[in-house]
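Let's take a walk through this model together, going from charged pairs to aromatic rings and then to a helix and a strand. Keep the viewer open as you read.

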Amino acid sequence: MIPSLHTERLILRAPRWDDFDAYAAFCASPRTVHLGGPFPRSDAFQKLAAILGHWHLRGYGRWMVADAKTDEPLGIVGLYYPDGWPEPELAWSLFDAAEGRGVAFEAAMAARTYAYDTLGWTTLISAIDPVNTRSVALAKRLSCVDGPLFQHAVYGNLHLWRHPAPEART
């Protein structure tokens, strides 16, 4: 049910049990501070199960991003639309090993192309904590435009960055 996407260096694929230790380490790290974390290992299991469940409930979701040569898990990137969210989002979270290598950009571009070309979407946002400077920089690199604030009960004020429409892509 979960398709795999391939880029030059990456595979976006369904999360697997052998990804869990890397995902749990990410969840326990300070990298999750903008996501409401850090989280204990037991919460990481629930979160990984929710990533898989989102595909079942919505028909799309987030992928495990893996190195195409080694299959090392590098992060979670994809389409996210939980209850209470203003509209579907392109979300990304990188593990330490992927930082500074262009992984998030490459994976986000593949996910955005999937949303537009396969799902037929015409719009997409990324909800970003304004103090998350790395995510803000990625949104800008993806040619997103900063938009209105979204007040979330858990995550606080998030900026809704609008992705370029399918016809505006270069």
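A residue is called buried here when its relative accessible area is under 20%, exposed when that area is over 50%, and partly exposed in between. Bear in mind that this is a predicted model.

With that cut-off in hand, start at Glu106. Its relative accessible area is 15%, so Glu106 counts as buried. The side chain of Glu106 meets that of Arg9 in a salt bridge, at 2.7 Å from N to O. Arg9 sits in the loop between β1 (5–6) and β2, while Glu106 belongs to helix α3, so this pair ties together parts that are 97 residues apart in sequence. Arg9 itself is partly exposed, at 32% relative accessible area.

That is one of 11 salt bridges in the structure. Next, look at Asp71 and Arg16, whose side chains meet at 2.4 Å, N to O. Asp71 is in the loop between β3 (62–67) and β4, and Arg16 is in the loop between β2 and α1, so here the parts being tied together are 55 residues apart in sequence. Both ends are partly exposed: Asp71 has a relative accessibility of 26%, and Arg16 has 33%. The two also have company, as Arg13, Arg16, Asp18, Asp19 and Asp71 are linked in a network of salt bridges.

Strand β3 brings us to another pair. Asp67, in that strand, reaches Arg101, in the loop between β5 and α3, and the two are 34 residues apart. Their salt bridge comes in at 3.7 Å, N to O. Asp67 is buried, with a relative accessible area of 15%, whereas Arg101 is partly exposed at 36%.

Now for the rings. A pair of aromatic rings is described by the distance of the centres and the angle of the planes. The model has 12 aromatic pairs. Take Trp17 and Phe45: their centres are 6.2 Å apart and their planes make an angle of 65°, which is edge-to-face. Trp17 lies in the loop between β2 (10–13) and α1 (20–28), and Phe45 lies in helix α2 (residues 41–58), so the pair ties together parts that are 28 residues apart in sequence. Trp17 has 59% relative accessibility and therefore counts as exposed. Phe45, at 40%, is partly exposed.

A second edge-to-face pair is made by Trp85 and Tyr155, with 6.1 Å from centre to centre and 85° between the planes. These two link distant parts of the chain, 70 residues apart: Trp85 is in the loop between β4 (73–80) and β5, and Tyr155 is in the loop between β7 (145–152) and β8. Trp85 is buried, at 9% relative accessible area, while Tyr155 is partly exposed at 26%. Zoom out a little and you'll find them in one aromatic cluster made up of Tyr80, Trp85, Phe150 and Tyr155.

On to helix α4, which spans residues 133–141. Why do its buried residues end up on the same side? The residues in question are Ser135, Val136, Leu138 and Ala139. They cover an arc of only 160° around the axis, so they sit on the same side of α4. Turn to the other side and you meet Thr133, Arg134, Lys140 and Arg141, which are exposed. The cover over the buried residues of α4 includes β5, α3 (103–118), β6 (125–128) and β8 (156–162). After the helix comes Ser143, with a positive phi near 65°.

Finally, follow strand β5 (residues 89–94), where Glu89 lies. What is the nearest side chain of opposite charge to Glu89? That side chain is Arg62, 7.6 Å away, and Glu89 is buried yet has no salt bridge. A polar atom of the Glu89 side chain does lie 2.8 Å from the backbone nitrogen of Ala127. Leaving aside residues up to four places away in sequence, Glu89 touches Gly78, Leu79, Tyr80, Leu124, Ile125, Ser126 and Ala127. Among these contacts of Glu89 is Tyr80, a member of the aromatic cluster with Trp85, Phe150 and Tyr155.

Notes: Residues are numbered from 1 along each chain as its sequence is written. This is a predicted model: local features need pLDDT of at least 70, side-chain atom pairs count only at pLDDT 80 or more; totals for chains, interfaces and linings use all residues. Side-chain values use heavy atoms; hydrogens and water are left out. Helices (H or I, at least four residues) and strands (E, at least two) are DSSP runs, numbered from the N terminus. Buried means under 20% relative accessible area, exposed over 50%, partly exposed in between (1.4 Å probe, protein chains only). Lys and Arg count as positive and Asp and Glu as negative; His and the chain ends are not counted. A salt bridge is a side-chain nitrogen of Lys or Arg within 4 Å of a carboxyl oxygen of Asp or Glu. A polar contact is a pair of N or O atoms within 3.5 Å; within protein, one must be able to donate a hydrogen and the other to accept it, and residues adjacent in sequence count only if both atoms are side-chain atoms. Contact means heavy atoms within 4.5 Å. The arc is that of the directions from the helix axis to the C-beta atoms. Rings of Phe, Tyr and Trp (its six-membered ring) pair if their centres lie within 6.5 Å; planes under 30 degrees apart count as stacked, over 60 as edge-to-face and the rest as tilted.
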